[in-house]
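Student: Could you take a close look at one part of this model with me, and then follow the chain out from it? I'd like one connected account rather than a list.

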Amino acid sequence: MSKKGYAVDVSHEPPSPETAGLLRRLETEAVAEMHEEIARIPSALPVSWTEPSPFADLLAEGLRDWCQTDLALINSGLLLESLAPGPVTKEDIHRLCPHPINPAVIEVSGAVLKESIHAAYTQKMIHLPLKGLGFRGIKLGVLAFSGITIEMGTAGEDALVKKIKIQGADIENKKMYRVAAPDMFTFGPLYPGLSQTKQKKYFMPEMMRDVLQFILEKKYS
């Protein structure tokens, strides 16, 4: 005739020995797993959220390789710290790239891609204190690319994108391009042109940190 649900306060109850033992065992296993070394880098990989940087470029290269596309773009704010030389563990990977964000591949026109790249270089977008969409960083950061080269100028406080080349050729407005990107670019108001495209493919359960581990192992293990 009726039913109801409610929470029961168990804080005053004695802990379950079985549960406590299970948690200790799982924590031990997790610590061992996270301390596994996956690569050893010879020199530092710095990242900048406001300027092009080697670490962000490496992640963009890894995303392009992993998704098997001609080009890739990421926001440098996905990497929370630079990577010091020496051994790299899974714990380092998780600390540097903690976001529950999946790789994605989208198909967009050159015109949409050009519009998105121009928007990405504004100070508003670079310093955007993004919350949500899976992002766990501080600010969105400047874009990093693979397969794309950009000639820059200046226009007031914002950088000016003068020329964009895809695989060495000038970008074509009507040509369709397969672009690897973080899934956060494919929904929400960040880049409307990218989010409104109908051709989207998501890779799950892999996350961006899996791509980071992939490229570090490929380059340095």
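Tutor: Happy to! Let us fix one word before we start: a residue is called buried when its relative accessible area is under 20%, and exposed when that value is over 50%. By that cut-off cysteine 67 is buried, because its relative accessible area is 6%. Keep in mind that we are reading a predicted model. The mean pLDDT of the protein is 93, and 97% of the residues reach at least 70. Confidence peaks in helix α2 (residues 54-67), with a mean of 97, and falls to its lowest mean, 82, in strand β6 (residues 148-155). Where pLDDT is low, predicted coordinates should not be read in detail.

So let α2 be our part. Does its length agree or disagree with what its residue count predicts? The helix has 14 residues, which at 1.5 Å a residue should span 20 Å; the C-alpha atoms at its two ends are 20 Å apart, so the two values agree. Just after α2 comes glutamine 68, where phi turns positive, near 55°.

Cysteine 67 belongs to the buried set of α2, together with Phe55, Ala56, Leu58, Leu59, Ala60, Gly62 and Leu63. What do these buried residues pack against? Their partners are the strands β2, β4, β5 and β9 and the helices α3 (90-96) and α7 (208-220).

Is cysteine 67 bonded or free? Its closest cysteine sulfur, in cysteine 97, is 13 Å away, which is too far for a bond. Seen from the other end, cysteine 97 is likewise in no disulfide, with the sulfur of cysteine 67 as its nearest at 13 Å. Cysteine 97 is buried too, since its relative accessible area is 0%. With the cut-off of 2.5 Å between sulfur atoms, the count is 0 disulfides.

The strands that α2 packs against lead us to the sheet. It is open, has 5 strands in the order β5-β2-β9-β4-β10, and its pairing is mixed. At the edges lie β5 and β10 (200-202), each paired on one side only. From one strand to the next the twist averages 25°. At the β10 edge, β4 (residues 103-109) pairs with β10 in the antiparallel sense over 3 bridges, and one bridge joins alanine 104 to tyrosine 202 of β10. Helix α4 (residues 110-120) also packs on the sheet: α4 touches β2 (71-75), β4, β5 and β9 (176-182), and its direction makes about 115° with that of β4.

Two loop residues round off the picture. Threonine 186 sits in the loop between β9 and α6 (192-195) and is buried, because its relative accessible area is 1%. Beyond four places in sequence, its contacts include Ala104 and Tyr202, the pair bridged between β4 and β10. Ile106, Leu194, Ser195 and Lys200 are also among its contacts.

Glycine 141 lies in the loop between α5 (123-126) and β5 (143-146). Glycine 141 also counts as buried, because its relative accessibility is 2%. Again beyond four places in sequence, it is in contact with Trp49, Asn75, Ser76, Gly77, Met125 and Ile126; of these, Met125 and Ile126 fall within the range of α5, and Asn75 within that of β2. Isoleucine 171, 30 residues along the chain from glycine 141, has its C-alpha atom 23 Å from that of the glycine.

Notes
Residues are numbered from 1 along each chain as its sequence is written. This is a predicted model: local features need pLDDT of at least 70, side-chain atom pairs count only at pLDDT 80 or more; totals for chains, interfaces and linings use all residues. Side-chain values use heavy atoms; hydrogens and water are left out. pLDDT is the predictor's confidence in each residue, from 0 to 100. Helices (H or I, at least four residues) and strands (E, at least two) are DSSP runs, numbered from the N terminus. Buried means under 20% relative accessible area, exposed over 50%, partly exposed in between (1.4 Å probe, protein chains only). Contact means heavy atoms within 4.5 Å. Two strands pair if DSSP finds at least two bridges between them. Axes are lines fitted to C-alpha atoms, for helices over the stretch in contact, and angles run from 0 to 180 degrees between N-to-C directions. The expected span of a helix is 1.5 Å times one less than its number of residues.
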